[in-house]
Amino acid sequence: METAMNEAIKTTKEPARKNKVESYDISRSDETLHLATDLAKFIKDNKLSTTVQGKEFVNVEGWQYAGSRLGIVPIVDHVINVSTDTEMKYQAKVTLFDLRSGHTVGAGFAVCSNKENGKKFYQEFAIMSMAQTRAIGKAYRNILAWIIRAAGYEPTPAEEMDYAGNTPEVKPALAVAPEATPVAVAAEAPAPMKAVPAEPVAPVETPTVAYATAAQKEEIIRLLNHPVITRQEKTKMLLNINRLDEERARQAIAKLRKAIDDRENGESAAA
């Protein structure tokens with residue numbers, strides 16, 4: 001009877017091991033080469049690449065997938081408005097955080113401007129968002145380029161390629177009108193013009209969002225790694241961590257600490 005019970009328990013546990021999420025160690029090339037094979041299939045199946053002049057460049061979603069398989073998540077440190085009177089421009093910095101070691105393992109800077117090809121009519125939020133997207137791709141590219149290359153793609157994020165303006169603009173030739181015989185016309189004295197004072201235009205102020213600081217994000221990630229926090233809670237928080245402002249980040253930290261205290265005290269009482 002006892003032997004049968006042990007067999008039943010063993011059988012019940014085996015599927016759980018099979019369904020365990022597979023992960024890789026970036027320091028071991030034999031493991032990451034297996035990741036390259038999986039990555040090539042994922043990018044192709046989900047159409048996460050862009051063709052530029054006959055070469056395939058991986059979109060930022062593909063780079064994020066590679067990073068997630070290694071337990072490396074991006075954190076937006078800052079987005080700075082570096083615009084001028086004639087140009088709308090943003091600069092972003094992103095760092096990469098290793099969930100296993102709890103350390104920063106990479107970083108990337110990027111800019112986006114409405115002076116670029118195809119972005120003349122972009123709104124301000126789109127310019128700022130693209131700067132962040134490029135910085136995420138650049139940060140991953142700095143540490144994972146060889147894995148993307150091993151997967152058969154170019155080691156540059158597609159968002160960095162200026163493929164909208166690779167073809168020079170061809171302007172149509174202007175038709176030349178035949179010269180006309182000059183006709184003498186008596187010139188009339190122009191009517192005097194009255195100066196019209198220009199009305200002052202009030203400058204439009206763009207509200208500045210104070211995003212969560214790098215220290216707040218690292219504290220949130222540290223709390224999410226506590227054993228009492230479920231995988232679903234961790235995933236939901238990590239997906240939205242770059243959208244938090246400072247106040248919402250403070251609230252998230254307070255809630256996580258309270259949840260950990262409540263659950264630890266509940267387990268202690270149950271014991």
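**Reading the cores and contacts of a predicted model**

In this predicted model, the largest nonpolar core has 32 residues, and Leu 39, Tyr 140, Leu 144 and Ile 147 touch the most other members.

Q: Which elements supply at least two residues each of this core?
A: They are the helices α2 (29-45), α3 (60-69) and α4 (124-150), along with the strands β3 (72-81), β4 (89-98) and β5 (103-113). Helix α4 gives the most, with 11 residues. Another core, of 18 residues, lies apart from this one and includes Phe 97, Ile 221, Leu 223 and Leu 224.

Q: Why is Thr 95 called buried?
A: Happy to walk through that one. Buried means under 20% relative accessible area. Thr 95 has a relative accessible area of 11%, so Thr 95 counts as buried. This residue lies in strand β4.

Q: What makes the link between the side chains of Thr 95 and Asp 77 a polar contact?
A: The cut-off for a pair of N or O atoms is 3.5 Å. The side chains of Thr 95 and Asp 77 are joined at 3.3 Å, so the pair falls within that limit. Leaving aside neighbours within four places in sequence, Thr 95 is also in contact with residues including Val 73, Pro 74, Ile 75, Thr 104, Gly 106 and Ala 107.

Q: Why is the aromatic pair of Phe 42 and Tyr 65 called stacked?
A: Two values settle this. Ring centres must lie within 6.5 Å to pair, and planes under 30 degrees apart count as stacked. For Phe 42 and Tyr 65 the values are 3.7 Å centre to centre and 5 degrees between the planes, so both conditions are met. The structure holds 1 aromatic pair.

Q: What makes this pair a tie between parts of the chain?
A: Phe 42 belongs to helix α2 and Tyr 65 to helix α3, so the pair ties together parts that are 23 residues apart in sequence.

Q: How do you know whether Phe 42 and Tyr 65 are buried or partly exposed?
A: The same kind of check works here. Partly exposed covers the range between the 20% and 50% cut-offs. Phe 42, at 25% relative accessibility, counts as partly exposed. Tyr 65 has a relative accessible area of 17% and is therefore buried.

Q: What is the secondary structure of the protein chain, and how many of its residues are buried?
A: The chain has 7 helices and 5 strands, in the order α-α-β-β-α-β-β-β-α-α-α-α along the sequence. Buried residues make up 30% of its 271 residues. The accessible surface comes to about 18900 Å², with 55% belonging to carbon and sulfur atoms.

Note on methods: Residues are numbered from 1 along each chain as its sequence is written. This is a predicted model: local features need pLDDT of at least 70, side-chain atom pairs count only at pLDDT 80 or more; totals for chains, interfaces and linings use all residues. Side-chain values use heavy atoms; hydrogens and water are left out. A nonpolar core is a set of buried Ala, Val, Leu, Ile, Met, Phe, Trp, Tyr and Cys residues joined through side-chain atoms within 4.5 Å. Buried means under 20% relative accessible area, exposed over 50%, partly exposed in between (1.4 Å probe, protein chains only). Helices (H or I, at least four residues) and strands (E, at least two) are DSSP runs, numbered from the N terminus. A polar contact is a pair of N or O atoms within 3.5 Å; within protein, one must be able to donate a hydrogen and the other to accept it, and residues adjacent in sequence count only if both atoms are side-chain atoms. Contact means heavy atoms within 4.5 Å. Accessible areas come from the Shrake-Rupley method with a 1.4 Å probe; for residues, only the protein chains shown count as cover. Rings of Phe, Tyr and Trp (its six-membered ring) pair if their centres lie within 6.5 Å; planes under 30 degrees apart count as stacked, over 60 as edge-to-face and the rest as tilted.
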